[in-house]
Structures are given as structure tokens and as C-alpha cells.
Amino acid sequence: MQLLAVMPSCAKSFSLSPQKIDKSGEGYKPVAKMQNEERKFLKCLVPPLMAAIVALSPLCNTQVSVGQTIDAQKGATLFRRACIGCHDAGGNIIQPGATLFLKDLERNGVDKEEEIYRVTYYGKGRMPGFGENCTPRGQCTFGPRLREDEIKLLSEFVKSQADRGWPSIEADGE
């Protein structure tokens, strides 16, 4: 039986292989005993089969929602528009120790989305702030400002890219 090869613990407990029947009657198993062993064997298979069903179920393999995909694309677009000039591929052409790679973000205390948001909004060191209400004036960008929801998307995007080691962000549909 093929299932016995897959389920060695069940194979050890039960022998469902056909037995030789001789004229003396030895080898015959009473029908009730055989059915009882088959029932035990099937009960032994229930947990792994249920685990397989649950693992393959669409309920357990939640798809990334369309909204999450759109947000990630918007984050990538914002990054290309506002950040890629200094932070191409997660690096930093102005200040090499302040890259967007996780090890540098952790070392600089900016490894959480909230901190990435704060630095993007108000700026830090040589990085200008991009928030609409960024102050002091000299710390803020002279270019276009970003809305709070855009900075939130941007910080989510930067954090997810940092967690994944900054894979390529090809221009999708642009």
C-alpha cells in the first residue's frame, strides 16, 4: 500500500497487507478485527491529511490584496520621484553610512516605519525633510513637498525594501 510508505508511523502500527490463507484456517483474521485495524489506520491518516488540506486551502494562503499591490506600486513610484536621486538601489550617494539597507537603518536608529516616516517628513543630517509642514526651513527640501499619506506609503515601501535587501524596483507601467 503506497500510503504506508508516506506514513511510516502508521505502517509500524498496522499491517494491512493480505495474508496467506492456509487450509488449517490460520491466516484468517476475523472480519471485525480487520475492520477495527482499518478504522485505526484511517484515524492515523486523518491529522496529516487535514494538515495537507488546510495548508493547500485558499483560506490559509491569503493573496496579497489589490490595495496592497497598488500601495506598493505607489510607494515605488514616489521613491523614484523623490528619493532615487540620492538613494538609488537603497544606497546613499551623499553620505555612504546612511544607506537604506537594514544594517545601516538599525545602526542609525531608523529601522521602524515610524522613524523612516519622521526622517522623511522632517529630515535628518544632510537629508532634507519632504513634509508639507516641515520646519526649520533650512532642513526642508526646496522641491515639491509630499503629503502625509504619500510619506506613509514611502516609509512602508522603504521598510519593505530594506527587509528584502533592496531587490530591483523596475518601473512597472512607466
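1. A salt bridge here is a side-chain nitrogen of Lys or Arg within 4 Å of a carboxyl oxygen of Asp or Glu. With that in hand, welcome to this structure, which is a predicted model. Glu150 and Arg81 are a good pair to begin with: they form a salt bridge whose closest N and O atoms are 3.8 Å apart. This pair links distant parts of the chain, since Glu150 sits in helix H8 and Arg81 in helix H4 (residues 66–82), with their positions 69 residues apart.

2. Stay with that pair a moment and look at how each partner is covered. Glu150 is buried, with a relative accessible area of 12%. Arg81, on the other hand, is exposed, at 54%. The two also belong to a network of salt bridges, in which Arg81, Arg147, Asp149 and Glu150 are linked.

3. How many salt bridges are there by this rule? The count comes to 8. As general background, side chains of opposite charge can pair when their charged atoms come close. Two further pairs from this model are described in the next points.

4. Please look next at Arg107 and Asp104. Their salt bridge has its closest N and O atoms 2.4 Å apart. Both residues are in helix H6 (residues 102–107), and because they are 3 residues apart there, about one helical turn separates them. Is each partner buried or exposed? Arg107 is exposed, with a relative accessible area of 53%, while Asp104 is buried, at 6%.

5. Another pair lies within helix H8. The side chains of Asp163 and Lys159 meet in a salt bridge, at 2.9 Å from N to O. Asp163 and Lys159 are 4 residues apart in H8, so they too are separated by about one helical turn. Asp163 counts as partly exposed, at 47% relative accessibility.

6. Lys159 deserves a paragraph of its own. Its helix, H8, covers residues 148–163. Is this lysine buried or exposed? Lys159 is buried, because its relative accessible area of 18% falls under the 20% cut-off. Which residues does Lys159 touch, not counting those up to four places away in sequence? They are Leu102, Asp111, Glu113 and Ile116.

7. Now for the nonpolar interior. The largest nonpolar core has 19 residues, and the members that touch the most other members are Phe79, Leu100, Leu105, Leu146, Leu154, Val158 and Trp166. Helices H4, H7 (113–122) and H8 each supply at least two residues of this core. Which helix gives the largest share? It is H8, from which 6 residues of the core come.

8. Leu154 is a handy residue to select on screen if you would like to see part of this core. Setting aside neighbours within four places in sequence, Leu154 is in contact with Gly75, Leu78, Phe79, Cys83, Thr120 and Leu146. Two of these names, Phe79 and Leu146, also appear among the core members listed above.

9. The structure holds 1 disulfide, and it joins Cys134 to Cys140, with an S to S distance of 2.0 Å. The link is left-handed, with -90 degrees about the S-S bond. Both ends are covered: Cys134 is buried, at 6% relative accessible area, and Cys140 is buried as well, at 3%.

10. Cys83, by contrast, is in no disulfide, and the nearest cysteine sulfur, that of Cys86, is 8.7 Å away. Why is Cys86 not bonded to Cys83? Its sulfur is 8.7 Å from the one in Cys83, which is too far for a bond, because a disulfide needs the two sulfur atoms within 2.5 Å. Cys83 is buried, with a relative accessible area of 11%, whereas Cys86 is partly exposed, at 32%.

11. Last, a look at the surface. Val46, Met50 and Ile53 make a nonpolar surface patch of about 280 Å². Met50 lies in helix H3 (residues 31–56). At 44% relative accessibility, Met50 counts as partly exposed.

How values were computed
Residues numbered from 1 in each chain as written. Predicted model: local features only at pLDDT ≥ 70, side-chain atom pairs only at ≥ 80, totals over all residues. Heavy atoms only, no water. Buried < 20%, exposed > 50% of the residue type's maximum accessible area, 1.4 Å probe, protein only. Contact = heavy atoms within 4.5 Å. Core = buried A, V, L, I, M, F, W, Y, C linked by side-chain atoms within 4.5 Å. Patch = residues over 30% accessible without salt bridge, like charges linked within 9 Å, V, L, I, M, F, W, Y side chains within 5 Å. Areas by Shrake-Rupley, 256 points an atom, 1.4 Å probe, with all protein chains shown as cover.
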